[in-house]
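Visitor: I should like a close look at one single part of this model, taken together with whatever surrounds it. Please give the account as one connected description.

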Amino acid sequence: RDRGNVNALTEMVAEGEYRYVRERAARALRDARSSEAQRATAVPTLLACVQSKDEVRYVRWECARALGAWGTTEAVGAVIDALDATGDPESRYWFATALMGFDTPEARGKLQSLEDDSDLYVATIARQWARSREVPK
C-alpha cells in the first residue's frame, strides 16, 4: 500500500493483523504529508489505539506520537491518561514525548510536573521540553 495514503494507513492501524504492521502504519501516519481533513479521518482510530488496553505498548505510543505530531488537542487527555496508567518506564517516556507536540495548558502542566519525575529519562525529556520553550535573553 501507498505509505502516504492516510486512509490505507488508518485502516492498517485499526485492522492490521500483525503488531508490527500497526506500529509502522501509525509511524507512517505521523510522518505522512496530509491535509487537516485527511488527518481528521484518522484521529478516531489513533485515539482508540491510545486508549486500548488490548493493544501492545509500542503501537499505543506510536499512535500517541502521531497525534502529538499533528497537535491534535482533543487527544491530550487520552495521552496523559495512558502515561499515568502505565507502569512501564519506556511507555511513559514515549507518551511524554507525544505530549511535547500539544500546545495546551493541560499538556504543558503535565510536562512541567514530569521535570522532577523519578524516572531519569522521563524527567530528562520533560526538562529538554522546558528548555526548548525558554525565551533567550
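**The disulfide and its surroundings**

Guide: In this predicted model, the count comes to one disulfide, where the criterion is a pair of cysteine sulfur atoms within 2.5 Å. The partners are Cys-49 and Cys-63, whose sulfur atoms lie 2.3 Å apart. The angle about the S-S bond is 85°, and the link of Cys-49 and Cys-63 is right-handed. The pair joins distant parts of the chain, since Cys-49 belongs to helix α3 and Cys-63 to helix α4, with their positions 14 residues apart in sequence. Cys-49 and Cys-63 are both buried.

One residue that touches this bridge is Leu-46. Setting aside neighbours within four places in sequence, Leu-46 is in contact with Cys-63, and also with Val-13, Leu-29, Ala-66, Leu-67 and Trp-70. Leu-46 also has a place in the largest nonpolar core, a set of 42 residues in which Leu-46 and Leu-99 have the most contacts. Helices α1 (6-15), α2 (19-31), α3 (36-51), α4 (57-70), α5 (76-85), α6, α7 and α8 each supply at least two residues of this core. Helix α4 gives the most to it, with seven residues. As a general matter, nonpolar side chains in soluble globular proteins tend to be buried together.

Among the contributors to this core, α8 may be followed further. Helix α8 spans residues 120-133, 14 residues in total, and reaches 20 Å from its first C-alpha to its last, close to the 20 Å expected at 1.5 Å a residue. Within α8, the residues Val-122, Ala-123, Ile-125, Ala-126, Trp-129 and Ala-130 are buried. These six lie on the same side of α8, because they cover an arc of only 165° around the axis. In an α-helix there are 3.6 residues a turn, so residues three or four places apart point the same way. The cover over the buried residues of α8 includes α6 (89-99) and α7 (105-113). Turned away from that buried side is a face that carries the exposed residues Leu-120, Tyr-121, Arg-131 and Ser-132. At the start of α8, a side-chain oxygen of Asp-119 comes to within 2.9 Å of the backbone nitrogen of Tyr-121.

Helix α1, another contributor to the core, contains Ala-8. Ala-8 counts as buried because its relative accessibility is 11%, against a limit of under 20%. Ala-8 and Ala-42 are separated by 34 residues in sequence, while their C-alpha atoms are 9.9 Å apart in space.

Conventions: Residues are numbered from 1 along each chain as its sequence is written. This is a predicted model: local features need pLDDT of at least 70, side-chain atom pairs count only at pLDDT 80 or more; totals for chains, interfaces and linings use all residues. Side-chain values use heavy atoms; hydrogens and water are left out. Helices (H or I, at least four residues) and strands (E, at least two) are DSSP runs, numbered from the N terminus. The expected span of a helix is 1.5 Å times one less than its number of residues. Buried means under 20% relative accessible area, exposed over 50%, partly exposed in between (1.4 Å probe, protein chains only). The arc is that of the directions from the helix axis to the C-beta atoms. Contact means heavy atoms within 4.5 Å. A polar contact is a pair of N or O atoms within 3.5 Å; within protein, one must be able to donate a hydrogen and the other to accept it, and residues adjacent in sequence count only if both atoms are side-chain atoms. A nonpolar core is a set of buried Ala, Val, Leu, Ile, Met, Phe, Trp, Tyr and Cys residues joined through side-chain atoms within 4.5 Å.
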